[in-house]
Amino acid sequence: MHVDFTARLYIRSAPIHPEGPTKTGYIYSIPIPPRPERRGILGIEGMKTRFLVRLCPALSIAPLLLFSGATLAEPCLRVTLTGTQGGPPVFNGQAGAGTLVQYGDSESSCSSVQLQFDTGRGTTQQLSKLGVPVEKLNAVFLTHMHSDHSEGLSDIAQLRWHFSSAGPKLDLVCSQDVETENGYTLSCNGFAEHIGDTLIASGEMAQRLSENPKRLTGGPADLLHVMAFENLPKAQQVWQLDDVKVSAIQSQHIGGHASYRVDTPAGSVVIGGDAGNDIPEPPRQSSTSEQVESLAMGADIVVHSVIHPVMGPDQGSGFPPPIYYRQSNALDLGALAKRTGTEYLMLTHLIPPLGAEKQGPYPIPGGALNEEDYRSAVLDSGYTGNTIVGTDLISIQIPAD
Ligand SMILES: [Zn+2]
């Protein structure tokens with residue numbers, strides 16, 4: 001299936017809060033100022049004003065514009081699914097799981113701050129289609145140490161080493177090492193430390209260093225600034241740049257799994273990752289994570305991995321029940337979005353993919369699913385918000401322009 005990038009990228013939502021501020025007070029101890037205040041703040045301190053003054057120092061109108069508010073640029077938040085493939089299989093050229101969150105204003109094309117959540121296969125190609133060079137990413141956040149969410153990071157790190165060894169380093173935000181009951185350790189730190197090892201072992205790094213000694217001698221790992229946080233079942237802020245704040249909360253799937261929330265003056269988005277309920281199998285109230293639900297309360301957008309109920313153990317696909325149960329299903333995600341008052345539910349990491357006859361080796365009972373199959377599973381929950389059945393590079397912007 002060919003994805004029409006230009007059409008997909010700019011599917012824009014209606015303004016979520018057309019009347020201005022609807023949220024004041026605190027969400028997880030993160031203050032969300034009302035819109036008139038933040039417009040003023042941006043107008044005086046933001047890029048638009050500086051841009052005018054810098055380019056037009058002689059213009060006597062500039063001070064008037066400063067105080068009239070005529071040049072105030074509206075803050076905006078854009079969320080783009082860089083990859084929607086569910087799990088390690090490959091299908092139809094889909095990229096691996098990832099979400100790009102951009103914040104800015106009209107002057108910066110909504111891209112002053114650019115954050116990548118998970119870096120599945122092909123993330124760099126997808127970012128290039130979006131016009132986002134990897135050296136412009138401010139930070140990468142990983143939800144967990146599964147390759148379908150992380151393998152694209154080696155490409156990102158290697159590209160930065162090639163062309164941006166002078167820095168800055170890329171913040172890599174993830175949870176601290178987790179030692180499991182089975183004796184193995186899940187380690188984002190270890191992943192980052194060894195991210196360039198195959199290229200070092202092959203001799204390529206030495207060869208390229210001989211061509212350009214300005215590159216860092218330790219290889220791509222030297223360009224990562226790992227910010228590993230203690231994974232807590234309570235939201236905590238783990239990263240911030242100016243008005244953009246990112247919180248994390250521990251959630252179930254595999255050890256060390258974390259879900260994230262980004263709060264900006266333009267809106268908020270939760271990245272659930274592959275989270276599932278803490279209770280590993282029925283009987284339980286829901287397949288979704290209670291921690292993700294607390295994080296998503298009042299959020300504008302929830303991006304979440306989804307599994308369709310057709311892959312359930314009672315449907316005959318043969319899909320392993322423990323793997324089914326550690327994901328959130330479409331019905332339960334709709335119920336979560338309803339409870340949290342979320343306007344936009346973006347389904348990603350679709351198991352099975354749209355149009356696939358199989359999920360890996362497992363046949364889809366009743367044949368391939370389409371968008372409507374996912375949408376109707378969400379609607380069964382009674383959710384009346386907007387469901388976006390994710391395809392690569394689909395995007396939402398708040399407010400729409
Ligand atoms: Zn996973």
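What covers the buried residues of helix 13? The cover includes helix 11 (290-296), strand 15 (301-307), strand 16 (344-351) and helix 14. Here, a residue is buried if 20 or more other C-beta atoms lie within 10 Å of its own, exposed if 12 or fewer, and partly exposed in between, with C-beta atoms placed from the backbone.

Before going further, note that this is a predicted model, in which local features need pLDDT of at least 70 and side-chain atom pairs count only at pLDDT 80 or more, while totals for chains, interfaces and linings use all residues. Residues are numbered from 1 along each chain as its sequence is written.

**The chain as a whole**

The secondary structure of the protein chain comes to 14 helices and 20 strands. Both kinds of element are DSSP runs numbered from the N terminus: helices are H or I with at least four residues, and strands are E with at least two. Of the 401 residues in the protein chain, 47% are buried. Contacts tell us about the fold too; two residues are in contact if their C-beta atoms, placed from the backbone, lie within 7 Å. Among contacts between residues at least 6 apart in sequence, 70% join residues at least 24 apart.

**Helix 13 and its partner**

Eight of the 11 residues of helix 13 are buried, so this helix is largely enclosed by the rest of the structure. Those buried residues are A330, L331, D332, L333, G334, A335, L336 and A337. Just after helix 13, G341 takes a positive phi of about 70°.

Two packed helices are described by the angle between their axes and the distance between the axes. For helix 13 (residues 330-340) and helix 14 (residues 371-379), the angle is about 50° and the axes are 7 Å apart. The axes are lines fitted to C-alpha atoms, for helices over the stretch in contact, and angles run from 0 to 180 degrees between N-to-C directions. Helix 13 and helix 14 are therefore oblique to each other; angles under 35 degrees count as roughly parallel, over 145 as roughly antiparallel, 65 to 115 as roughly perpendicular and the rest as oblique. On the helix 13 side, A330, L331, L333 and G334 meet Y374, A377, V378 and L379 of helix 14. By class, the residues of this contact are seven nonpolar, one polar and no charged. In that count Ala, Val, Leu, Ile, Met, Phe, Trp, Tyr, Cys and Pro are nonpolar, Asp, Glu, Lys and Arg are charged, and the others, Gly among them, are polar.

**The seven-stranded sheet**

Now to the strands, where two of them pair if DSSP finds at least two bridges between them. Seven strands form an open sheet in the order 10-7-6-5-4-3-20, with mixed pairing. Strand 10 (224-229) and strand 20 (395-398) stand at the edges with a single partner strand each, so one side of each is left without a neighbour in the sheet. From one strand to the next, the twist averages 20°.

Three of the pairings are set out here.

| Strands | Sense | Bridges | Opposite residues |
|---|---|---|---|
| Strand 4 (residues 98-105) and strand 5 | antiparallel | five bridges | V101 and L115 |
| Strand 5 and strand 6 (residues 139-141) | parallel | three bridges | L115 and A139 |
| Strand 7 (residues 170-175) and strand 10 | parallel | six bridges | S175 and F229 |

Strand 5 (residues 113-117) is mostly covered, with five of its five residues buried. V113, L115 and F117 lie on one side of strand 5, and Q114 and Q116 on the other.

**Loops worth a look**

A266 sits in the loop between strand 13 (258-264) and strand 14 (267-271). With 24 other C-beta atoms within 10 Å, A266 is buried. Leaving out residues up to four places away in sequence, A266 touches P75, C76, L77, Y103 and I398. A266 and Y103 are 163 residues apart in sequence, yet 7.9 Å apart in space, C-alpha to C-alpha.

Most residues other than glycine have a negative phi, and most peptide bonds are trans. In the loop between strand 4 and strand 5, S109 has a positive phi of about 55°. S109 counts as partly exposed, with 13 C-beta neighbours inside 10 Å. D242, in the loop between strand 11 (236-241) and strand 12 (244-250), has a phi near 50°. With 12 C-beta neighbours inside 10 Å, D242 counts as exposed.

The peptide bond from G167 to P168 is cis, with omega near 0°, and P168 belongs to the loop between helix 7 (152-163) and strand 7. Another cis peptide bond runs from P282 to P283, with omega near 5°; P283 is in the loop between strand 14 and helix 11.
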